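Hi,

Here is the structure I promised to pass on. Have a look at it first, and my notes on what turned up follow underneath.

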Amino acid sequence: MSALETFFDNVWIDALWRLLAVLGLMVLVVLALTWIERKFIGRIQMRLGPMRTGPFGIMQPIADMVKILLKEDLRPATADRLVFELAPFLAFVPVFLTLLALPFTAKWGVRVLDLGLLYFIAVSGLTVLGYVFAGWASDNKYGLIGALRTAAQLISYEVPLVLAVLALAMLAGSLNLLDIVEKQGRVPFIVWQPLGFFLFMAAAVSDLTRRPFDVAAAESEVAGGPWIEFSGIRWSILYALTEYTNMFALCVLGSLIFLGGWDWPLGLKWGWWWQLVLIFAKTMTLILVIMWVNGTFPRVRVDQLMSLCWKLLLPLAFAQIFLNGLIIVYGWPDWTFLLTSGLALAVAGYVVYSVIPVGAPSRIVVRSGA
Amino acid sequence: MLGVLRGLAETLRTMARKPVTVQYPTVRREMPERERGYPLLLWDSEVGEPFCTGCHACERACPTECISVIMKDNPLAAEGTSKRRKIVDQFLLDYGRCIRCRICVETCNFSAIAMNNTWDGHEMSRYDRGDLVVNLDQLLAKSKEGGFTPWVSP
Amino acid sequence: MATELDRELETLDINVNVGPQHPATHGVFRMVLTVSGEKVVDAVPHIGYMHRGAEKLSEGVDYRQGLIFQDRTEYLAQFNAEMCYCQAIERLGGIEVPERAEYIRVILAELNRITSHYMFAGAFATDLGVYGTAFTYAFREREYIQAIFEAVTGDRMMYGYFRPGGVVWDVTDDFKDRVRWVCKQTRVGIDDIDRLLTKNEVFLTRSLDIGCISKDDAIDYGLSGPMLRASGLQFDLRRDEPYSIYDRFEFEIPTGTRGDVYDRYLVRMEEMRQSARIVEQAIEQMPDGPIMPEKAPRRLRLPPGEIYMRTENPRGEYGIYLVSKGGEKPYRLKIRSACLSNLTALKQMVVGHYVADAVVILGSVDIVLGEVDR
């Protein structure tokens, strides 16, 4: 008993088994998400999704994995070898590192950092390098253009993401994720910060390069994307694994900081089992919202993408910070958060609505001669 | 913002509907009576010979020229058991060229050729293109088995 | 070294080949865009990948056999193409079509217009990047209508149902009920796609003021169909030069104002509703009776002469120019393709826009390569 305890008290062993646990969790989550996405999108499109591989297509992710592993490992002869091989890892590892700062229950996370939120945002920003490396190493004109475009998109959308999260940190008064969750004991922060939540989700969708912001994939139709020369397991790491892990990480973060994490509404007295259930339920809700948006929206053009970020989301993020600051400094009651944030969101909606001339139906209909 | 919310509501609504997928080949949907599968020849079971007399009418009418017919004197007519003086000797139909336009059926004076309105009128995958050229016995096989009712236009 | 660097920094116009194989569903069409930075400077369409010699083949077969080539040329609006062909022969040969056959033809042609526009809606949405949602909705609705076509003609795509003089056999007994049901159901389907796309802000920013063409330019280029009507000219052959029995029905002609991609989309969606209206009127008025003229000859011989017959296909003005020197086979059958004429305006519409818009504009022209290349 005591030998086992001291074994696991060793800092290195402790870190190692937690790391392995999160790794296993990540693999399971990615496999599950590929299946869920295909079934969910299929349902939106009134069709069944995978049905043949195993009952209800459950083995489909395994089948995909086997197919990808068995593919030939191609590399262009003129490609920069080191950079080419490094690119998928450079895209994936930072995303995995972000998982290490997330507390999944009140007592369990790989590490609980005092600057957890800052760590998350900072490290997830490194994935941009992976895409740039991928585009550069492909030695392909179109790959490079696509990669630079993706890099521009990811970097631009980091800014509203960081600012929205910063506004929230102002509200909570701390960057420690445990503290943020505990402060939402009675009311989750989404109630106080609807605008912040909207900004967070928009920036998250863009960070994942999903519709409506999947310009990188659209480039593949016409001029190629950063993944153009990657195949097999490299492509899978670069595209599928990164995207799904990133989706999972962002959604866990979103449910921790906006939806109340494992604390609201049940509180701490129910035990770690219920906390896990709560946090996964909330994460799945956010993931399904992202997939729902994926299946509904058309793509935004790349210049519209940029102007949306810098002309709409950024001013809104600043507005959110400013309003939060006002309320905190003057000590106004909590419901003013909801009022101001909700108003700002409504104003944003109205601005979008009025900039696009949706009002007048642009057609004349005239009765036929007969 | 309302437009995007309306779109999202629409997809939410569709999620509740039953999927329209029919899982072929486990489930095969029912074919209408007039379904135009690939053509086949009909067997006159009363007399024991094909209806086809080898008159070349369908061969001339076929737009893609996929039919090849050879006619012969009917041995059963000499015996007196059949009213057909001529009968088909060899009938080659290239399913690879056939476009299933049904003009051969329309032209036939003896209602000897019909479109196969069952599932195996469509499931024609073969490994060799040469296997798509069918001869008289293959064409008569389904009708000889019995139970096949072609659709005759009014 | 310095001069090499200078030369490298010079901006070059890249040729982007939107190749014969499209991810979207337009068929084998090649468009070479010359792109400067992000804007398109020049666009050269290359066609001919699907040329199968339909016109020449029609010269070698008689009039009944020649019908099949019309299906295969315009393979998304088959009944409209067959209608044009049969009307051309009937007008040249002075053949009277019985009433019931006329009604059946109009009903099937208008239902085919609805399916063709559904195909447009689905493919267009896919071009814009919707993951496939609008596509599956559109195809579900198409299935309902195609089930009727299959029940009546026996085939799901190459119908070959019309004949010069009428239709080849009568419709099924439950035709009227099914058509009535499908008209109601189609309105639901159109509303579904409408709700998904029409007021969607992302859709609007991608399609408003993209690919504009003015009314005068449209007339100059010889555009027709929804493209012309979206530019503001209210011209529809069903009303202005009525053929068959279109003058008995009441329907509206949707017209746009700006001539952009969004207007074309709206015009086509509204045309679907108007087609459903025509079908509802026709199914009420449909009489009983014969479906082929009584003295229909076994082999059709046309007197010598020539005729140009044009009809309002879903894509525009589809014309058949038929020259007959007597006899059973045409001397020359020329097909005036709506899509080909519409494509001549492609360069004007695309130049000045972004590369991503070029695909959207091509989608809005709604081409069928079989018709473009024949």
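Before the first distance, one term: the domain bounds used below come from an automatic or database domain assignment. Also keep in mind that this is a predicted model.

**Inside chain A**

For chain A, that assignment gives domain 1 (9-70) and domain 2 (71-351). Taken over C-alpha atoms, the centres of domain 1 of chain A and domain 2 of chain A are 20 Å apart. Their contact involves 24 residues from domain 1 of chain A and 28 residues from domain 2 of chain A.

As for how much surface that costs, domain 1 of chain A and domain 2 of chain A bury about 2300 Å² between them, and carbon and sulfur atoms give 77% of that area. The rule finds two salt bridges across this interface of domain 1 and domain 2 of chain A. You can pull up a salt bridge between the side chains of Arg210(A) and Glu37(A), at 2.6 Å from N to O. Six residue pairs in polar contact also turn up across the interface of domain 1 of chain A and domain 2 of chain A, both residues being at pLDDT 80 or more.

Which elements give two or more residues to the side of domain 1 of chain A that touches domain 2 of chain A? They are α2 (11-44) and α3 (60-69) of chain A. Of that side, α2(A) gives the most, with 20 residues. By residue type, the side of domain 1 of chain A that touches domain 2 of chain A divides into 19 nonpolar, one polar and four charged.

**Chain A against chain C**

Here 37 residues of chain A are in contact with 48 residues of chain C. The area buried between chain A and chain C is about 3700 Å², with 61% of it from carbon and sulfur atoms. The salt-bridge count between chain A and chain C is one: the side chains of Asp357(C) and Arg301(A) meet in a salt bridge, at 2.7 Å from N to O. Polar contacts between chain A and chain C come to seven residue pairs, both residues at pLDDT 80 or more.

The side of chain A that touches chain C draws at least two residues from each of α2, α7 (141-172), α11 (215-222), α13 (272-296), α14 (302-330), α15 (335-355) and β1 (363-367) of chain A. The largest share of that side, five residues, comes from β1(A). Sorted by type, the residues on the side of chain A that touches chain C are 19 nonpolar, eight polar and 10 charged.

**Chain B against chain C**

This contact takes 32 residues from chain B and 31 residues from chain C. Chain B and chain C bury about 2700 Å² between them, and 46% of that is on carbon and sulfur atoms. In chain B, the residues that lose the most area to chain C are Arg34(B), Arg36(B) and Glu106(B), together 24% of what that side buries.

How many salt bridges are there between chain B and chain C? The count is seven. There is a salt bridge between Asp155(C) and Arg100(B), whose closest N and O atoms are 3.0 Å apart. On top of that, the count between chain B and chain C is 17 residue pairs in polar contact, both at pLDDT 80 or more.

On the chain B side that touches chain C, the elements giving two or more residues are α1 (2-15), α2 (57-61) and α4 (103-107) of chain B. There α1(B) gives the most, with nine residues. The side of chain B that touches chain C divides into 13 nonpolar, seven polar and 12 charged residues.

**Chain C itself**

Chain C has 16 helices and nine strands. Its radius of gyration is 22 Å, close to the 21 Å that the globule rule gives for 374 residues, so chain C is as compact as a globular protein of that length. The C-alpha trace of chain C spans about 85 × 45 × 35 Å along its principal axes.

**Backbone details to check**

- Arg211(A) and Pro212(A) are joined by a cis peptide bond, with omega about 0°; Pro212(A) lies in the loop between α10 (194-207) and α11 of chain A.
- Tyr24(B) and Pro25(B) are also joined by a cis peptide bond, omega again about 0°; Pro25(B) has its place in the loop between α1 and β1 (39-41) of chain B.
- Met46(A) is not a glycine, yet has a positive phi of about 60°; Met46(A) lies in the loop between α2 and α3 of chain A.

Cheers

Conventions. Residues are numbered from 1 along each chain as its sequence is written. Chains are lettered from A and ligands numbered from 1 in the order in which they are written. This is a predicted model: local features need pLDDT of at least 70, side-chain atom pairs count only at pLDDT 80 or more; totals for chains, interfaces and linings use all residues. Side-chain values use heavy atoms; hydrogens and water are left out. Contact means heavy atoms within 4.5 Å. Buried area is the accessible area (1.4 Å probe) that two parts lose on being put together, summed over both. A salt bridge is a side-chain nitrogen of Lys or Arg within 4 Å of a carboxyl oxygen of Asp or Glu. A polar contact is a pair of N or O atoms within 3.5 Å; within protein, one must be able to donate a hydrogen and the other to accept it, and residues adjacent in sequence count only if both atoms are side-chain atoms. Helices (H or I, at least four residues) and strands (E, at least two) are DSSP runs, numbered from the N terminus. Ala, Val, Leu, Ile, Met, Phe, Trp, Tyr, Cys and Pro count as nonpolar, Asp, Glu, Lys and Arg as charged, and the others, Gly among them, as polar. The radius of gyration is taken over C-alpha atoms; the globule rule is 2.2 Å times the number of residues to the power 0.38.
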